[in-house]
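Please have the model open in your viewer, with the sequence panel visible, and follow the selections below in order.

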Amino acid sequence: MGYAGLAPLLALASVLCLLPAASAARAFFVFGDSLVDNGNNNYLLTTARADAPPYGIDFPTHRATGRFSNGLNIPDIISEHLEAEPALPYLSPELRGAKLLVGANFASAGVGILNDTGIQFVNIIRIGDQLQYFREYQRKLRALVGEEQATQLVNQALVLITLGGNDFVNNYYLVPMSVRSRQYALPDYVRFLVAEYRKILSRLYELGARKVIVTGTGPLGCVPAELAMHSQNGECAAELMRATNLFNPQLVDMVRGLNRAIGADVFVTANTMRMNFDYINDPQRFGGSRLVVVACADR
């Protein structure tokens, strides 16, 4: 069920250049799937779990933490760049009091843009529920620091959202003749996904997010598990690469249109496809020791 070696966010220098200077302390909120989940699924009865070896073998404690990685994941490294402690999983009982001021990670392995993505994992925090938890978090924050300070903290926070890959590998292409593949031709499915994603980002804005990094998908057809299932000659699976190449440009166009509608550059897209290949072609340029092996249960 899992895979190892997909690194759509590995060129960290390219992502980190989008981030504010570490001198300005700010909260950090994370939404999305296993690429950014740092332990929420540990608290759920689900098969999408990363709480046992070999997950975490290169984490500072050398123990599995619920991160779908051998060590630190992307939110951890962003937090390092911000010179801040990592935001705790929202379901962690430790997320209370002053810890709320750091932010929260709402991500859950297995989820997608669509509610029917990842149904095989049963109990995961779908993106609508992640946004509901964000509302709940803000109520707790207001009780702690008051309305004005809570609003300011959320407005000034950095937000990372990573969605989309599962909607292909764990929905459209999960099985031959899947429900979604019978319902939509691939170009129509991509348009549908992007339209639904726009609603999610609009809701984030309504909830106070003002500085949001939106990642595209990496080269889904190059994932080892997908190579094993779909590749005939060892090359990246053509149909999954076609999906990625359709999705990412439309995501960028949608985000630009949403920013125009809002009247501000709230959302910034990160080209994770290019980052992946830049890293593979010239790892030393990005500090090769920063390699993160992602082993995700939801791919």
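How many of the five residues of β1 are buried? Select β1 (28-32), a strand in the sense of a DSSP run (E, at least two residues, with helices being runs of H or I of at least four, all numbered from the N terminus), and you will find that five of its five residues are buried, buried being under 20% relative accessible area, exposed over 50% and partly exposed in between (1.4 Å probe, protein chains only). This is a predicted model, in which local features need pLDDT of at least 70 and side-chain atom pairs count only at pLDDT 80 or more, while totals for chains, interfaces and linings use all residues. Residues are numbered from 1 along each chain as its sequence is written, and side-chain values use heavy atoms, with hydrogens and water left out.

Colour the two faces of β1 separately: F28, V30 and G32 lie on one side, F29 and F31 on the other, and all are buried. In a regular strand the side chains alternate between the two faces of the sheet.

Next, add β2 (residues 103-105), which pairs with β1 in the parallel sense over three bridges, pairing requiring at least two DSSP bridges between the strands; here F29 stands opposite A104. Then add β3 (residues 158-162), parallel to β1 over five bridges, where the bridge partner of G32 is T162.

Finally, move to the loop between β1 and α2 (74-81), where P54 is found, and select P53 as well, since the peptide bond from P53 to P54 is cis, with omega near 10°. In the loop between β1 and α2 you can also select H62, whose phi is near 60° and which counts as exposed at 58% relative accessibility.
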